[in-house]
Structures are given as C-alpha cells and as structure tokens.
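Dear colleague,

I am passing on the structure below, and my notes on it follow.

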Amino acid sequence: MHRLLLLLLLPLAWLYAGIMAVRNWLYNKGWKESVRFGEVPVISVGNLRVGGTGKTPHVAWVVEELRRLGQQPAILSRGYGRRTRGFRLASPTDTAATLGDEPLQQFQHFQGVVPVAVCEDRLTGLRTLLRQCSTSTSVVLDDAYQHRRVRPDFSVLLTEQQRPFYTDYMLPAGRLRESRAGAARADVVIVTKCDPALTTTQRQEIERQIWRYSRPEIPVLFSVYTYGAPVPLSEVVAEASNATAYSSEIVLLTGIAQPGPLRDYLVGAGYRIVHHAVFADHHVFTAQEIAAVKAYCGPGCRIFTTQKDATRLLDPTLHTEMVGLPVFYIPIAVEFLADGANRLRQLLPAAIQPQAVV
C-alpha cells in the first residue's frame, strides 16, 4: 500500500521538484536577488526536509560556541506557529503564541542573554534585529536553508541518520522541501540523532552517500542526543517535588515531530510509561487535553514532556489546569561523535571573519 501511494504521489513530487529547481536556478544565476548581508557574519542552520532534525539543540550548540569565541550572537527565526506577524524581539512577557515555541525555548535557554527575534522575511529581520541590538556581532539563522534571499557566510545542513535526505523524496511523496541537490550549498553536513555505537565503516558509507549530492570536500559530522535530568516546569512544582516521593511511572506528553528517541531513552532509563499522549508538531494544547492527560496520572506519577512542549504548556490559557500538576521537561543537548566537535570548532572562526559583500 505504501509503495502504491508513493507511485501515485510521485508525479506531484516531480512537479514540485521542478518548481523548486527553477527557483534555485534563478537564485544561482543571480536573476533572483540573493545577497550576503555583510554587516555581521550570518550562520544558517537548517535542513532539506520538513519535520524535526534537531535544529534547536544544534542552534544552541553553535550559539554557545560563538560566545566562547568572544562573539555576541543573536538568533533569528521565522517563528513558526506564532499568532503574530512581522518582526518581534523576544521579551520575558512573550509566550509560544506570540513568538513561536522554538524561539521561546531558545530565549529561555539563554535566559535572555542572547537576543532572539522572529520575522518571516529574514533580510528585513536581520536589518531590524541589528538596529535594535546594535551590540550583536553575529547572527544565527534558525531553519533558513530555503530562504535564498540571504546568502549566509556559513551554512549548516542537518539530516537524520534514520531518515537521511538521500533516501527521501520531494513533497508530497516524501518529506523533502527541495531536492537532494540542495545539499551542495552546505558548508558542513551534520548527521543528527545518531546511534552512539555508529561504527567508522557506517559513518564512511553515510559520508559516501552524502557526497553524491554535496561537494566531496564538505565535512560530514555526526551528532547524538544527550538527555538531562527532569526539570520541574515551575517553582510550584519544584517546591512540591521536595516533599513528594515519585514512582517510576510516568505519563509522556509530546507535541513534536518525532517523539520516538525520547520515548526510547525514558524506557531505557527505567521509567514505565503508563500513557503517551501524542500530538502533532507545534500542537497548541487545550485545557480539555491537559485534563485528559491528568486523568492518567495516579499517585506518585509524573508527567514528562519536552522543553519545546513546555513553552506551550505555560500558555496563560492553560493556567487553571496546570496548577499543581507534576510536569517536568527533559532537557536535550547534542554531542558529536569522534572528532566532530573539534572539526566544527575549527570551521567557525573562519565563518565569522569579515566577508566581502556580493
């Protein structure tokens, strides 16, 4: 059945691929304007497909490394899922509804030290961001691989080990937003969510497949997720936790593209998932849904979620249902296999050197 559906959708995928190919050709030939920003270095982190490839923790890794290099970076995102329009600079009063869940997660992660802004038009967003945050010395574009109006100084392409772009198809037959050939624009490719036991031989085969579409000299790095200890969603939950004995039973609540890795981690860590409430990526939770999840949570049971979902659970419209609910989020970070971290650290200084404006 899956094979038949793929065959039926392929003509539509070819049509979409043709449209995107013409668009990229016009940019490559200079007939559609694609400019290097020039005022500060711009680093793009994105992917070829829709759905989660781990952009948020990788953006955080790049930002933290830029800060280590003495930079004062800012983050600019589209703000997918927000209910506002135009440019918006994150502030402590923002919610996922006003900013988008991923930008809000970044703002909270860096505790306001790193400016985070959203704007549909990245060129307009860059200009406005630097007017309002004049001390910023570099900008990281979150999920801007297909935004060709801005030509980044350094482009990071992410692809998952389990769903690599070189085995995928264009929408709607697959999940690709542009063809596999788009990998040629990357300055580095990071294969994400890898098996920590990935062998050298397996890495070399993945590199060979990626180099069929990118340039052979482009570094291919491999990263894994690491999970932190559960963090109480609020101070009220933290205070209650000090006097509560929790069991290994948990309710898992997720509204992300791929909750499988988190679920596998929790099971491997010894937790027993009594119920998994699965929602679509960027899902806007309702009070009724929270009440339904709460019903599965017996004595000593906790509700675990992701940091991204946590931003939406703190929406004021959910306050009544969330009060006193033992909700904890699981922090996610990335680590690189082999010498990947050092190789990326060697690439970044060149990326933030002054570039000629073209």
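In these notes Ala, Val, Leu, Ile, Met, Phe, Trp, Tyr, Cys and Pro count as nonpolar, Asp, Glu, Lys and Arg as charged, and the others, Gly among them, as polar. This is a predicted model, in which local features need pLDDT of at least 70 and side-chain atom pairs count only at pLDDT 80 or more, while totals for chains, interfaces and linings use all residues. Residues are numbered from 1 along each chain as its sequence is written, and side-chain values use heavy atoms, with hydrogens and water left out.

The lining of the second largest pocket (an open set of points on a 1 Å grid over the protein atoms alone, where a 1.4 Å probe fits, with protein on both sides within 12 Å along at least five of seven lines; lining residues have an atom within 4 Å of a point) divides into seven nonpolar, three polar and five charged residues. Of its 15 lining residues, Lys 193, Cys 194, Tyr 225, Tyr 227 and Pro 261 lie nearest the centre, and α8 gives the largest share, four residues.

Turning to the helices (DSSP runs of H or I, at least four residues, numbered from the N terminus), α2 (residues 55-68) passes α4 in a right-handed crossing (the near helix is turned clockwise from the far one by less than a right angle). Their contact (heavy atoms within 4.5 Å) involves Thr 56, Val 59, Ala 60 and Glu 64 of α2, and Glu 102, Gln 105, Gln 106 and His 109 of α4.

Gln 106 lies in α4 (residues 101-109) and counts as buried (under 20% relative accessible area, with a 1.4 Å probe and protein chains only) because its relative accessibility is 2%.

Best regards

How values were computed: Helix = DSSP H or I, 4+ residues; strand = E, 2+ residues; numbered from the N terminus. Buried < 20%, exposed > 50% of the residue type's maximum accessible area, 1.4 Å probe, protein only.
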